[in-house]
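Colleague: I have a model open and would like to learn how to read it. Can you take me through it feature by feature?

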Amino acid sequence: MRWHKSSRSQDGGEECVEVAPLWRKSSRSLGNNEECVEVAGLAEAVLIRDSKDSTGPMHKVTSPAFRNLINKIKSGELDL
């Protein structure tokens with residue numbers, strides 16, 4: 001789990017707040033949960049990761065970019 005320092009924290013200061021993202025799985029995840037994507041919303045972005053590898057790499061995208069991706073998925077624009 002990666003922690004994120006508050007944007008209100010002073011550079012190098014000892015007084016800061018760190019928060020861990022709250023991860024959620026898609027409501028469309030398969031019943032066996034083997035092929036899931038998880039997302040976590042931050043104030044300035046959305047994190048995306050593979051639920052099978054919770055300590056692995058994450059993708060960070062802006063909130064507008066994430067909304068655009070969701071809209072394209074819902075419209076079928078990204079279907080093969």
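**Reading the fold**

Modeller: Start with contacts along the chain. Among contacts in the protein between residues at least 6 apart in sequence, 12% join residues at least 24 apart. Keep in mind that this is a predicted model.

Colleague: Which elements does the protein have, and in what order do they run from the N terminus?

Modeller: There are one helix and six strands. From the N terminus on, they run β-β-β-β-β-β-α.

Colleague: What share of the 80 residues counts as buried?

Modeller: The buried share is 24%. The accessible surface of the protein comes to about 6500 Å². Carbon and sulfur atoms account for 50% of that surface.

Colleague: Now the sheet. How do I read strand pairing?

Modeller: Strands of a sheet pair through backbone hydrogen bonds, either parallel or antiparallel. Here four strands form an open sheet, in the order β3-β4-β5-β6, and the pairing is antiparallel. The edge strands are β3 (24-25) and β6 (59-62), and each pairs on one side only.

Colleague: How many bridges do β3 and β4 pair over?

Modeller: β3 and β4 pair over two bridges, in the antiparallel sense. Look at R24 to find the register: its bridge partner in β4 is V39.

Colleague: And how many bridges link β4 and β5?

Modeller: β4 and β5 pair over five bridges, again antiparallel. A hairpin of three residues joins β4 to β5. To check the register, find V37, which stands opposite D50 in β5.

Colleague: What about β5 and β6: over how many bridges do they pair?

Modeller: Strand β5 (residues 45-50) pairs with β6 over four bridges, in the antiparallel sense. L47 has K60 in β6 as its bridge partner.

Colleague: Is β5 largely enclosed or open?

Modeller: Count its buried residues. Five of the six residues of β5 are buried, so β5 is largely enclosed by the rest of the structure.

Colleague: Take one residue of β6, H59. Is H59 buried or exposed?

Modeller: H59 is exposed, because its relative accessible area is 55% and the cut-off for exposed is over 50%. Leaving aside neighbours within four places in sequence, H59 is in contact with V46, L47 and I48. You can also gauge a distance here. H59 and A45 are 14 residues apart along the chain, and their C-alpha atoms are separated by 10.0 Å.

Colleague: On to the helix. How do I read its geometry?

Modeller: An α-helix has 3.6 residues a turn, so residues three or four places apart point the same way. Length is a handy check too. Helix α1 (residues 63-75) has 13 residues, so at 1.5 Å a residue it should span 18 Å. Its end C-alpha atoms are 18 Å apart, which agrees.

Colleague: Which residue follows α1?

Modeller: G76 follows α1, and its phi is positive, near 85°.

Colleague: Where does α1 sit relative to the sheet, and which strands does it touch?

Modeller: Return to β6 (59-62), an edge strand. α1 packs on the sheet and touches β4 (37-41), β5 and β6. The direction of α1 makes about 95° with that of β6.

Colleague: Last topic: charges. How do I read a salt bridge?

Modeller: Side chains of opposite charge can pair when their charged atoms come close. The cut-off is an N to O distance within 4 Å. By this rule the protein has four salt bridges. One of them joins the side chains of E38 and R49, at 2.8 Å, N to O.

Colleague: What does the pair of E38 and R49 tie together?

Modeller: E38 lies in strand β4 and R49 in strand β5, so the pair ties together parts that are eleven residues apart in sequence. Both E38 and R49 are buried.

Colleague: Which residue does D50 meet in a salt bridge?

Modeller: D50 meets K52, at 3.2 Å, N to O. D50 counts as partly exposed, because its relative accessibility is 32%. K52 is exposed, with a relative accessible area of 55%.

Colleague: And which residue does E77 pair with?

Modeller: E77 forms a salt bridge with K72, and their closest N and O atoms are 3.9 Å apart. E77 is exposed, at a relative accessible area of 53%. K72 is partly exposed, at 28%.

Definitions and conventions: Residues numbered from 1 in each chain as written. Predicted model: local features only at pLDDT ≥ 70, side-chain atom pairs only at ≥ 80, totals over all residues. Heavy atoms only, no water. Expected span 1.5 Å × (residues − 1). Pairing = 2+ DSSP bridges. Contact = heavy atoms within 4.5 Å. Axes fitted to C-alpha atoms, helices over the stretch in contact; angles between N-to-C directions. Buried < 20%, exposed > 50% of the residue type's maximum accessible area, 1.4 Å probe, protein only. Areas by Shrake-Rupley, 256 points an atom, 1.4 Å probe, with all protein chains shown as cover.
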